Amino acid sequence: MSDQTASTPDATASAAPERCRRGWGAFFRDLIVIIAIALLVSFLVKTFVVRSFYIPSASMEDTLLIKDRILVDELTPRFGEYSRGDVVVFRDPGGWLPAKPVEERSPVVEGADWVLSLFGLSAPDSDDHLIKRVIGTAGDHVVCCNALGQTTVNGVPIEEPYVRLAPGATAPEPVPYDVTVPDGSLWVLGDNRNSSRDSRYNQDQPSKGFVPVDNVVGRAFLITWPFTRFGLIDFHHEVFAGVPAPAEQ
């Protein structure tokens, strides 16, 4: 009997499963590489470009609603400056947030949440941050309020269409202040002015109501969820168009 060659039926049949095994192996190898690259890109984007947060309170209504999920631009703190009207997320400067009990969670849940947070798929520290609108930047003289209940910036009253008012009211309840924003700081207020523990209410804290720019994570720019609210966040820069530069000190 002659030896079989690769052209014989038995040799061809045995080669087919081998090719199939090699094909599936290459497929899974490529899939793992693709997933790893996607996770790496997601990690780098979350660390250096954008970060996800959810809104835990009503202080920015109606601009942002409770449980809205937003994206925050992390490039501005590194390469730019903040402007009046920007909506910013920042770490508590000290004493702004009430102490809260530590939530007991299983190690599995903690671990999963931590891993997801690395890739921007979870935002476990949203409750440890605040989000407000910038009203004054370094050097600005910010005062509340004039006879119409308006805030003035460098002597110019501002019309704030984004402020949520009580039914029948023409201005928020006044909380007097007269401040000049120091270098490296911001003066911030919530759009839901009557329900926001913002700069006005923290003048007795170590930061004196100012937010150090070093505490700012970034500028919120996009609502991503719920999908019905998907869209860019309006900074209303036009509100401050007539405000002059701060006077030299």
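Reader: How many bridges join strand 5 to strand 8?

Author: Happy to start there, with the reminder that this is a predicted model. Strand 5 and strand 8 run antiparallel, and Cys 144 stands opposite Tyr 177 in strand 8. The number of bridges joining strand 5 to strand 8 is four.

Reader: Which strands stand at the edges of the open sheet of four strands?

Author: The order in this sheet is 7-6-5-8, with antiparallel pairing. An edge strand has a single partner strand, so one side of it is left without a neighbour in the sheet. The strands in that position are strand 7 (156–157) and strand 8.

Reader: Which residues touch the most other members of the largest nonpolar core?

Author: This core has 16 residues. Strand 5 (141–144), strand 8 (177–180) and strand 9 each supply at least two of them. Apart from this core lies another, of 14 residues, including Leu 64 and Val 89. In the largest core, the residues that touch the most other members are Ile 135, Val 142, Ile 158, Tyr 177, Trp 187 and Phe 240.

Reader: Leaving aside neighbours within four places in sequence, which residues is Val 142 in contact with?

Author: Val 142 belongs to the 16-residue core, so it is a good one to click on in the viewer. Leaving aside neighbours within four places in sequence, Val 142 is in contact with Ile 135, Gly 136, Thr 151, Thr 152, Val 153, Tyr 177, Asp 178, Val 179, Val 181 and Trp 187.

Reader: How many residues of strand 4 are buried?

Author: Let's look at the partners of strand 4 before counting. Strand 3 (residues 87–91) is joined to strand 4 by five bridges, running antiparallel, and Val 88 has Lys 132 as its bridge partner. Strand 4 also pairs with strand 9 in the antiparallel sense over three bridges, where Val 134 stands opposite Val 188. Strand 4 (residues 129–136) is largely enclosed by the rest of the structure, because the number of its residues that are buried is eight of the eight.

Reader: Is Ser 207 buried or exposed?

Author: Ser 207 is found in the loop between strand 9 (185–189) and strand 10 (211–212). Leaving aside its neighbours within four places in sequence, Ser 207 is in contact with Pro 93 and Trp 96. Its relative accessibility is 15%, and the cut-off is under 20%, so Ser 207 counts as buried.

Reader: Which parts of the chain does the salt bridge between Glu 61 and Arg 164 tie together?

Author: The side chains of Glu 61 and Arg 164 meet at 2.3 Å, N to O. Glu 61 is buried, with a relative accessible area of 14%, whereas Arg 164 counts as partly exposed at 33%. The two residues are 103 apart in sequence, so the pair ties together the loop between strand 1 (50–54) and strand 2 (69–73) and the loop between strand 7 and strand 8.

Reader: How many residues apart in sequence are the parts tied together by Arg 84 and Asp 140?

Author: These side chains meet in a salt bridge at 2.8 Å, N to O, and both Arg 84 and Asp 140 are buried. Arg 84 lies in the loop between helix 2 (76–79) and strand 3, and Asp 140 in the loop between strand 4 and strand 5, so the pair ties together parts whose separation in residues is 56.

Reader: Where in the chain is Arg 219, the salt-bridge partner of Asp 86?

Author: The closest N and O atoms of Asp 86 and Arg 219 are 3.2 Å apart. Asp 86 is buried, and so is Arg 219. The pair links distant parts of the chain, 133 residues apart: Asp 86 is in the loop between helix 2 and strand 3, and Arg 219 is in strand 11 (residues 216–225).

Reader: Which residues make the nonpolar surface patch of about 420 Å²?

Author: One of its members, Phe 28, has its place in helix 1 (residues 9–48). Phe 28 counts as partly exposed, at 46% relative accessibility. The residues that make the patch are Trp 24, Phe 27, Phe 28 and Leu 31.

Reader: What percentage of the residues in the protein chain is buried?

Author: The secondary structure comes to three helices and twelve strands. The chain exposes about 14500 Å², with carbon and sulfur atoms supplying 62% of it. Of the 249 residues in the protein chain, the buried share is 38%.

Key:
Residues numbered from 1 in each chain as written. Predicted model: local features only at pLDDT ≥ 70, side-chain atom pairs only at ≥ 80, totals over all residues. Heavy atoms only, no water. Buried < 20%, exposed > 50% of the residue type's maximum accessible area, 1.4 Å probe, protein only. Contact = heavy atoms within 4.5 Å. Pairing = 2+ DSSP bridges. Areas by Shrake-Rupley, 256 points an atom, 1.4 Å probe, with all protein chains shown as cover. Patch = residues over 30% accessible without salt bridge, like charges linked within 9 Å, V, L, I, M, F, W, Y side chains within 5 Å. Salt bridge = Lys/Arg side-chain N within 4 Å of Asp/Glu carboxyl O. Core = buried A, V, L, I, M, F, W, Y, C linked by side-chain atoms within 4.5 Å.
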